[in-house]
Amino acid sequence: MAFAQENPLLYIYNDILYSIFGINENGKYIDNIQKLNLKNAKAKWTNVNYIRNGCNLKMYGCGIIKMDENRIYFLGGKFENEVSKSMIEFDLSSMKANKNENILGQNAYFKESMMLKIGEDQFGNYSIDKENSSSLITVTIDKSYFEKSGN
């Protein structure tokens, strides 16, 4: 990799593996994105320039929902001082982040990278045990939220 990235989100788009956000070797939250061309055996990791649009993306532990061929949503995540309930749209074709006005019903942090499965009536439903606890974090996003916002 071009630089160390601990706990990044991993996503494949058009045969490119993206390593998104995370923590650097000094424990600082980062909003960097790196990419690797999976079809080129000699490819090296390179940094990606993208438009942040004022979104705080120095985070990790967020969920991902694939919205269409080019767009994904980042849900929740952990920042340096808090866990988020935000939803951020990311367009991979234009490499542009946009904050979505909708928010999750509760703060959501996912210890492992994961992708939420799209269902018929809802865009995602995922539960994970909190460390050393029997309680669950559940994230459910109803399709109507995205239809109302025009996305």
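**Close-up 1: N53, a partly exposed loop residue.** With a relative accessibility of 41%, N53 counts as partly exposed, because that label covers everything between buried (under 20% relative accessible area) and exposed (over 50%), using a 1.4 Å probe and protein chains only. You'll find N53 in the loop between β4 (46–47) and β5 (63–66). Its phi is near 50°, a positive value in a residue other than glycine.

This is a predicted model, where local features need pLDDT of at least 70, side-chain atom pairs count only at pLDDT 80 or more, and totals for chains, interfaces and linings use all residues. Residues are numbered from 1 along each chain as its sequence is written, and side-chain values use heavy atoms, with hydrogens and water left out.

**Close-up 2: D15, in the loop between β1 and β2.** The strands on either side are β1 (9–13) and β2 (16–23); strands here are DSSP runs of E with at least two residues, helices are runs of H or I with at least four, and both are numbered from the N terminus. D15 also has a positive phi, near 65°, and is a residue other than glycine. At 37% relative accessibility, D15 is partly exposed.

**Close-up 3: S86, a buried residue in a strand.** S86 belongs to strand β7, which covers residues 86–91. Its relative accessibility is 12%, so S86 counts as buried. Leaving out residues up to four places away in sequence, S86 touches F74, L75, G76, K99 and L104; a contact means heavy atoms within 4.5 Å.

**Zooming out: the protein chain has one helix and ten strands.** Of its 151 residues, 42% count as buried.
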